[in-house]
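Hello,

I am passing a structure on to you, since you have not worked with it before. Please have a look at it first, and then read my notes underneath.

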Amino acid sequence: ASAGTDYPRTQAAAILTATDLACTTGGTTLTSATGGFTDAMIGNGIYIKSGTHFTVGLYVITGRTDTNTVTIDRDPTDGSNASSGAGSVGGRRAVLLDTWLETPYNVAGMTHEIWATGTMTLTEALSPSLSATAAAPITLRGMSSTGTTSPDGDNRPLLACGAYNVSITTHWVCENIRFTGTANPVIYPGEYSLIRNCKIVHSGVGGTNAIYNNSYLPRIVDCEISHPNGRGINLTGLAPRILYTYVHDCSEGGILVQLYAAICFCIIDNCGSIGIFPSSNGVLCLHNTIDGCTDGIAVETHYAGTFLNNIISNCTSEGVVATSAVPNNYWDYNNFYKNGTNRTNVDAGPNDTTGDPDFVNATGGDFSLDTGTECDDTGFGIRLGVG
């Protein structure tokens with residue numbers, strides 16, 4: 001919203017590097033004898049990385065007097081007149097630091113773009129304490145190397161987290177990014193947060209989670225999660241939402257959720273232990289495919305659950321299992337195919353089916369259905385208000 005040019009969007013390298021920056025303490029006038037400042041730089045950050053009596057940090061160019069003089073958003077000195085400063089205008093950071101996600105660098109409503117110009121390897125955990133608002137969320141947005149705003153697959157930037165995790169707090173959004181790591185968890189979503197179009201691969205030890213949260217109403221949408229040695233998703237807070245997400249190859253279970261969770265239109269494939277484990281009441285489990293797990297769905301003795309239009313196939317032990325019968329749960333229009341036992345302490349629904357769902361290529365990860373199979377058009381349909 002300034003008169004300048006958004007240089008980080010147009011190029012990865014800095015547009016200007018100076019080594020003779022100076023500023024009088026208490027002021028916001030930044031000078032360079034060599035110069036090179038232009039009006040197009042207004043609104044860009046200048047990162048001052050060193051200098052005598054300079055405070056290292058990112059500052060915003062708010063105005064320009066001439067080629068040698070600009071105004072920045074705050075005093076960059078440490079209490080004495082500063083000189084011999086080295087800094088760059090524009091360009092992109094090679095490493096994302098927690099500092100950049102806190103004030104004064106970050107405010108509610110801000111979007112941080114992460115570009116797929118190379119792997120970004122974290123050097124510390126990202127755990128910002130700054131909360132956003134419903135009206136002004138803070139977004140970490142992955143961009144393709146050419147600036148596509150909705151990249152997918154390997155066109156998304158890669159954050160190699162290693163032993164560090166990434167926390168997004170209240171009303172934050174994380175989208176279009178790939179994550180790898182070994183921390184427990186790799187991603188920690190906060191209250192009202194949204195993780196969308198992300199891929200999380202955990203390569204660490206067992207007893208850990210790729211995603212873990214104990215806060216209210218996190219949302220995971222259109223994501224891919226795998227953890228060959230542990231659990232994919234563990235959301236112990238109230239009312240999590242997991243939609244259109246592919247959870248696969250998780251040896252200790254696919255999805256564990258708590259009170260009032262919704263798991264809809266997901267695929268849970270090749271997960272040891274339990275594919276979906278709603279360990280509390282009121283879960284909504286709708287339009288999911290659970291294939292090749294040990295147990296498909298395990299509900300213990302929890303009640304007020306709704307389980308409709310799910311395909312539960314090739315589970316080596318139980319398709320669905322409860323510790324004891326809970327008639328208050330509603331099971332119907334589910335397909336059971338080639339499970340060790342289809343149901344234990346769960347009554348069959350009057351519209352359940354048992355035929356081959358006939359996946360196009362389950363081995364290759366394609367769980368779409370061939371046209372005309374038993375599951376193709378036998379689900380719970382809209383009956384009221386339809387002529």
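Below is what was found in it.

This is a predicted model, in which local features need pLDDT of at least 70 and side-chain atom pairs count only at pLDDT 80 or more, while totals for chains, interfaces and linings use all residues. Residues are numbered from 1 along each chain as its sequence is written, and side-chain values use heavy atoms, with hydrogens and water left out.

Let me start with the sheet. Ten strands (DSSP runs of E, at least two residues, numbered from the N terminus) form an open sheet with parallel pairing, in the order S7-S9-S12-S15-S18-S21-S24-S27-S30-S33. Its edge strands, S7 and S33 (330-332), each pair on one side only; pairing takes at least two DSSP bridges between two strands. Within the sheet, S27 (residues 284-286) and S30 (residues 306-308) run parallel and are joined by three bridges. Leu286 stands opposite Leu308 in S30.

Next, the cysteines. The whole structure has zero disulfides, a disulfide being a pair of cysteine sulfur atoms within 2.5 Å. For Cys198, the closest cysteine sulfur belongs to Cys174 and is 4.0 Å away, too far for a bond. Cys198 is also buried (under 20% relative accessible area, 1.4 Å probe, protein chains only), at 0%.

Finally, Asp98 lies in the loop between S6 (82-89) and S7 (111-115). Residues that Asp98 touches (heavy atoms within 4.5 Å) include Glu124 and Pro128, leaving aside residues up to four places away in sequence.

Enjoy exploring it!

Terms used. Helices (H or I, at least four residues) and strands (E, at least two) are DSSP runs, numbered from the N terminus. Buried means under 20% relative accessible area, exposed over 50%, partly exposed in between (1.4 Å probe, protein chains only).
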